[in-house]
Amino acid sequence: MKKTLIISMILIVISTACKKDKEPENPDSTSCNGVVCEPSLLADETSAILPVEIQGVYQTTYTYAEPNSPFTNGQKAKFTLTSNNELIVEIEGEECLTLKDPAFRAGLSESNYFFKDDCDRNICYNVSENTDGVFNEVNIQPYEGMGWYGQFAQE
């Protein structure tokens, strides 16, 4: 009897521990059925590969909106950096968007991954790492060249 009780308790603990409400750490691209953008590299860009350390799901809020920004302060977004080298953009109240083929831009740190949106807003989502090599924020910039519209920072 005592043995059965112990085994039952172990099974309950294991089944509870296996239930996860958390989203996958290294998600794949199956979480978005919206538009897919696959832009070519620009003249000042080289191909980039996302490090495992920044792959994941991030809940963010838009801040520091410039007057010409495509987003407004306080706007919410979920960004998913996938193991398939993609950025899934989910702006609150809008259809999701998958951006492929991240790039490094000449003259900038290789801790900034540029995902270009050439099929919706014609902007660039610049995913940056902090000094520890983990996700920092998503800066919104012009599709090409320099400039800055604001940023999505983690909540």
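Here are some friendly notes on strand pairing, a few individual residues and the nonpolar core of this predicted model.

1. Let me start with strand 6, which covers residues 97-100 and pairs in the parallel sense with strand 1, residues 35-37. Three bridges hold this pairing. If you want a place to begin looking, V35 has L97 of strand 6 as its bridge partner.

2. Strand 6 also pairs with strand 5 (residues 86-91), this time running antiparallel, with four bridges between them. Here E86 stands opposite K100 of strand 6. Strands 5 and 6 form a hairpin, and five residues lie between them. One of the details to check in the turn is G93, whose phi is positive, at about 85°.

3. Two other backbone angles deserve a look, both in loops. Y64 is not a glycine, yet its phi is positive at about 55°. Y64 belongs to the loop that links strand 3 with strand 4 (76-81). Is the Y64 side of that loop buried or exposed? Y64 has a relative accessible area of 56%, and because exposed means over 50%, Y64 counts as exposed. The second case is N85, again a residue other than glycine, with a positive phi near 65°. N85 sits in the loop between strand 4 and strand 5.

4. T60, in strand 3 (residues 56-63), makes a good contrast to inspect. With a relative accessible area of 0%, T60 is buried. Which residues does T60 touch, leaving aside neighbours within four places in sequence? The contacts are Q75, K76, A77 and F79, along with F152, A153, Q154 and E155.

5. Now for the nonpolar interior. The largest nonpolar core has 26 residues, and the members touching the most others are L81, L87, F115, Y125, V127, I140 and F152. Strands 3, 4, 5 and 6 each give two or more residues to this core, as do strand 8 (112-117), strand 9 (123-129) and strand 10 (135-142). As general background, nonpolar side chains in soluble globular proteins tend to be buried together.

6. Y125 is a handy residue from which to explore that core, being one of the members that touch the most others. Setting aside neighbours within four places in sequence, Y125 is in contact with F71, F79, L87, V89 and L99. The list of Y125 contacts goes on with Y113, F114, F115 and D117, and then V138, N139 and I140. F79 is also in contact with T60, so you may like to display both residues together with Y125.

How values were computed:
Residues are numbered from 1 along each chain as its sequence is written. This is a predicted model: local features need pLDDT of at least 70, side-chain atom pairs count only at pLDDT 80 or more; totals for chains, interfaces and linings use all residues. Side-chain values use heavy atoms; hydrogens and water are left out. Two strands pair if DSSP finds at least two bridges between them. Buried means under 20% relative accessible area, exposed over 50%, partly exposed in between (1.4 Å probe, protein chains only). Contact means heavy atoms within 4.5 Å. A nonpolar core is a set of buried Ala, Val, Leu, Ile, Met, Phe, Trp, Tyr and Cys residues joined through side-chain atoms within 4.5 Å.
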